[in-house]
Amino acid sequence: TDEHLDFVKRLAQRAGVAVDNARLFTETEQERQKLELILSNIKDIVILVGINNRILLINQSAIAGLGLNKTADQYIDIPFEETINQIELIEFYKSGINKDQGMMEEIQLPNGRTYHAQQSPLEGIGSVIVMQDITHFKETDKLKSELLATASHDLKQPLSVMRGYMDLLEMTNTFDERSLRFVASLNRAIVNMQTLIDELLDLAKIESGIELTMEPVDLPHILRECLAANIPKAHEKSR
């Protein structure tokens, strides 16, 4: 009857909706499993926090790096501050949750590791925290600074000796005009080397966080020195 046909149509429509929902659920579950697989193999710490300040997602690197003792699933829907026991990370999270733009900061954890932390807002979801371990970069940078300081110190001593002997030569010998130009060129080269070494030391100071005292420079004087230093080479090239 028409009544039976109408009932079958309504039943078919509901069955179609149920089939679509089942398909969408299966696809969503597959995507979730893919995401979990990707995150579990990422070395960076990844934590997704919802608008209600509860954890929506946390990867295995975060559990290992932050010294947590449960599985990732056991931290889902747990308040961020109850899960994380690192004060520096909690303060970083609090300072960024109400900002429209992302923020970055270096965080050193009690285990001695240094992380480059980035927090980005996700509209309608919350925020995501990604932390990259940069400890080896910091250690390499420290070694580089120590190398610069040591090399600069070792180079300054022979230059000082050379400068002293040049002064003695000028004091104990009489030079003609041509020889005086050669001596002046040698003195300029020694001064330039000493200046370069001082700049390397200044670079090490800047990288270590020490502020330098800045002052104006005489640009025409610098240009004249550069010309004087390159004139001999220019004469050689012109021959």
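In what order do the five strands of the open sheet stand, and is their pairing parallel or antiparallel? In this predicted model, the order is β2-β1-β5-β4-β3, and the pairing is antiparallel. Helix α4 lies across four of these strands, namely β1, β3, β4 and β5, and α4 also gives the most residues to the largest nonpolar core. The points below take up the sheet, the core, some individual residues and the helix α5.

**The sheet and its first hairpin**

- Strands β2 (55–58) and β3 (103–108) stand at the edges of the sheet, and because each has a single partner strand, one side of each is left without a neighbour in the sheet.
- Direction ignored, neighbouring strands of this sheet are turned against each other by 20 degrees on average.
- As background, the strands of a sheet pair through backbone hydrogen bonds, in either a parallel or an antiparallel manner.
- Strand β1, which covers residues 45–50, pairs with β2 in the antiparallel sense over three bridges; Val 49 has Ile 55 of β2 as its bridge partner, while the partner of Leu 48 in β2 is Leu 57.
- The hairpin of β1 and β2 has four residues between the strands, and Asn 53, which lies in this loop, takes a phi near 65 degrees, a positive value in a residue other than glycine.
- Asn 53 counts as partly exposed, because its relative accessibility is 35% and the partly exposed class runs between 20% and 50%.

**Helix α4 and Phe 92**

- Helix α4 spans residues 87–96 and runs at about 170 degrees to β3, while the other strands that it lies across are β1, β4 (114–122) and β5 (126–133).
- Phe 92 has its place in α4 and is buried, with a relative accessible area of 1%.
- Leaving aside neighbours within four places in sequence, Phe 92 is in contact with Met 103, Met 104, Glu 105, Ile 107, Ala 117, Gln 118, Gln 119 and Ile 129.
- Phe 92 and His 153 are 61 residues apart along the chain, and their C-alpha atoms are separated by 40 Å.

**Nonpolar cores**

- In soluble globular proteins, nonpolar side chains tend to be buried together.
- The largest nonpolar core here has 23 residues, and those with the most contacts inside it are Ile 47, Ile 58, Leu 66, Phe 80, Leu 89 and Ile 129.
- The elements that give two or more residues to this core are β1, β2, α2, α4, β3, β4 and β5, and α4 gives the most, with four residues.
- Apart from this core lies another, of five residues, among them Leu 159, Met 166, Ile 190 and Ile 197.
- Ile 58, one of the residues with the most contacts inside the largest core, touches Val 46, Ile 47, Ile 63, Leu 68, Ala 72 and Tyr 75, not counting residues up to four places away in sequence.

**Two buried serines**

- Ser 61 is found in helix α2, which covers residues 60–65, and counts as buried because its relative accessibility is 17%, where the cut-off for burial is under 20%.
- A polar atom of the Ser 61 side chain lies 3.4 Å from the backbone oxygen of Lys 43, and Lys 43 is also among the residues that Ser 61 touches, together with Ile 42, Asp 44 and Ile 45, when residues up to four places away in sequence are not counted.
- Ser 127 is found in strand β5 and, at 6% relative accessibility, counts as buried.
- The side chains of Ser 127 and Gln 119 are joined by a polar contact of 3.4 Å.
- With neighbours within four places in sequence left aside, Ser 127 is in contact with residues including Ile 47, Leu 48, Val 49, Tyr 93 and Gln 119.

**Asp 77**

- Asp 77 lies in the loop between α2 and α3 (80–83), where its phi is near 70 degrees, a positive value in a residue other than glycine.
- With a relative accessible area of 44%, Asp 77 is partly exposed.

**Helix α5**

- Helix α5 has 38 residues (135–172), which at 1.5 Å a residue should span 56 Å, and its end C-alpha atoms are 56 Å apart, so the two values agree.
- The buried residues of α5 are Thr 135, Ser 145, Leu 148, Ser 152, Leu 159 and Met 166; Leu 159 and Met 166 are also among the members of the five-residue core.

Methods:
Residues numbered from 1 in each chain as written. Predicted model: local features only at pLDDT ≥ 70, side-chain atom pairs only at ≥ 80, totals over all residues. Heavy atoms only, no water. Pairing = 2+ DSSP bridges. Axes fitted to C-alpha atoms, helices over the stretch in contact; angles between N-to-C directions. Contact = heavy atoms within 4.5 Å. Buried < 20%, exposed > 50% of the residue type's maximum accessible area, 1.4 Å probe, protein only. Polar contact = N/O pair within 3.5 Å; in protein donor to acceptor, adjacent residues only side chain to side chain. Expected span 1.5 Å × (residues − 1). Core = buried A, V, L, I, M, F, W, Y, C linked by side-chain atoms within 4.5 Å.
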